[in-house]
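Here's a quick tour of some aromatic and helix packing. Have a look at the sequence and the model first, then read on.

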Amino acid sequence: MKIAFAGLGVMGGPMARHLAEAGHDVAGYNRSPEKAEAWARATGSRFAATVSEAAKGADLFILCVGNDDDVRAVVTQALPHLAEGAVIVDHTTTSARVAREMAALAQEQGRSFVDAPVSGGQAGAENGQLSVMAGGDAKALSRAEPALKAYSKAIKHMGPAGSGQLTKMVNQIAIAGVVQGLAEAVHFAQVAGLDTDAAYEAVSKGAAQSWQMDNRWKTAARGEFDFGFAVDWMRKDLGLVLDEARANGARLALTALVDQFYAEVQAMGGNRWDTSSLKARLPGPGGA
């Protein structure tokens with residue numbers, strides 16, 4: 001399968017590397033050419049100077065870019081150059097609206113579009129252990145799935161176009177509440193004078209256990225917030241969630257509150273801190 005991959009950042013770069021290591025013919029493209037060149041050197045693959053060049057004759061076009069506008073621009077540029085019947089898989093977290101829009105556009109031009117946001121963060125991308133939630137044509141996803149398995153541990157088809165993005169919103173809603181709970185638990189343990197490492201050992205083996213607790217409790221307690229998904233990106237995602245909730249009537253009081261807490265973290269200069277930096281708002285070690 002001839003594959004083009006657009007967006008070679010902290011997520012896309014490792015994902016595209018896994019494809020190359022699996023033996024696929026991969027052409028990489030990045031808006032910053034030097035990043036694409038470095039990726040090509042590191043993987044022994046080829047890079048393209050433009051989206052059109054990368055897409056030329058590709059059977060599978062994968063992208064992992066920044067936002068709705070980026071997806072529109074990249075897909076629109078790529079479509080005329082793809083092989084007839086090609087599948088586009090978008091791993092960007094976007095609105096469900098743009099996913100439906102791109103699916104309709106691709107269908108008009110004899111191609112398929114699958115919205116396939118991922119969960120697992122930078123570590124998941126590096127280790128090839130991402131979870132993919134996909135919307136769009138199930139047959140198109142099946143054609144792409146053998147390639148996607150190079151960097152995924154789970155791929156779930158959720159329904160028609162936009163369903164993958166809606167499922168990613170569910171993921172981010174759940175994370176927002178868990179991380180805020182974690183921040184308050186660490187804060188409370190510190191204010192109460194407990195040994196936070198001992199508190200973690202006491203509560204992490206029971207019902208309070210979570211991925212966030214296992215991976216972020218101790219670093220949050222120390223005020224270390226350089227471990228992955230940035231606050232700026234989380235706010236982008238929560239903005240998509242809250243826009244969708246306003247449209248569909250979902251009541252997301254906690255999510256809206258946590259979004260404002262992340263705005264406070266940004267005001268503290270924490271734009272690139274990881275999401276556990278909600279703890280930075282709270283007094284005590286590792287906090288305000």
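A residue counts as buried under 20% relative accessible area, as exposed over 50%, and as partly exposed in between. Tryptophan 273 has a relative accessible area of 28%, so it goes down as partly exposed. Keep in mind that this is a predicted model.

**Aromatic pairs**

How many aromatic pairs does the structure hold? There are two aromatic pairs. Here they are side by side:

| Pair | Distance of centres | Angle of planes |
|---|---|---|
| Tyrosine 200 and tryptophan 217 | 6.3 Å | 40° |
| Phenylalanine 225 and tryptophan 273 | 5.7 Å | 40° |

Why is the pair of tyrosine 200 and tryptophan 217 called tilted? Planes under 30 degrees apart would be stacked and planes over 60 edge-to-face, and the planes of tyrosine 200 and tryptophan 217 are at 40°, so the pair is tilted. The planes of phenylalanine 225 and tryptophan 273 are at 40° too, so that pair is tilted as well.

Now for where the rings sit. Tyrosine 200 belongs to helix H9 (residues 196–203) and tryptophan 217 to helix H10 (residues 211–221), so this pair ties together parts that are 17 residues apart in sequence. Both tyrosine 200 and tryptophan 217 are buried.

The other pair links parts that are 48 residues apart in sequence, because phenylalanine 225 is in the loop between H10 and helix H11 (231–248), while tryptophan 273 is in the segment after helix H12 (253–267). Phenylalanine 225 is buried, at 9% relative accessible area, whereas its partner tryptophan 273 is partly exposed.

There's also a charge over a ring to look at: arginine 281 lies over the face of phenylalanine 261, 3.7 Å from the ring centre.

**How H9 and H10 pack**

Back to the helices that carry tyrosine 200 and tryptophan 217. H9 and H10 pack at about 165°, and their axes are 10 Å apart. Anything over 145 degrees counts as roughly antiparallel, so H9 and H10 are roughly antiparallel to each other. Their crossing is right-handed. On the H9 side, the contact involves Thr196, Asp197, Ala199, Tyr200, Glu201 and Val203; H10 brings in Met213, Asp214, Trp217, Lys218 and Ala221.

**Valine 170**

Is valine 170 buried or exposed? Its relative accessible area is 53%, so valine 170 is exposed. Valine 170 is part of helix H8 (residues 163–191). Its C-alpha atom is 8.2 Å from that of valine 241, though the two valines are 71 residues apart along the chain.

Key
Residues are numbered from 1 along each chain as its sequence is written. This is a predicted model: local features need pLDDT of at least 70, side-chain atom pairs count only at pLDDT 80 or more; totals for chains, interfaces and linings use all residues. Side-chain values use heavy atoms; hydrogens and water are left out. Rings of Phe, Tyr and Trp (its six-membered ring) pair if their centres lie within 6.5 Å; planes under 30 degrees apart count as stacked, over 60 as edge-to-face and the rest as tilted. Helices (H or I, at least four residues) and strands (E, at least two) are DSSP runs, numbered from the N terminus. Buried means under 20% relative accessible area, exposed over 50%, partly exposed in between (1.4 Å probe, protein chains only). A charge sits over a ring if NZ of Lys or CZ of Arg is within 6 Å of the ring centre and within 35 degrees of the ring normal. Axes are lines fitted to C-alpha atoms, for helices over the stretch in contact, and angles run from 0 to 180 degrees between N-to-C directions. Angles under 35 degrees count as roughly parallel, over 145 as roughly antiparallel, 65 to 115 as roughly perpendicular and the rest as oblique. A crossing is left-handed if the near helix is turned anticlockwise from the far one by less than a right angle, and right-handed if clockwise. Contact means heavy atoms within 4.5 Å.
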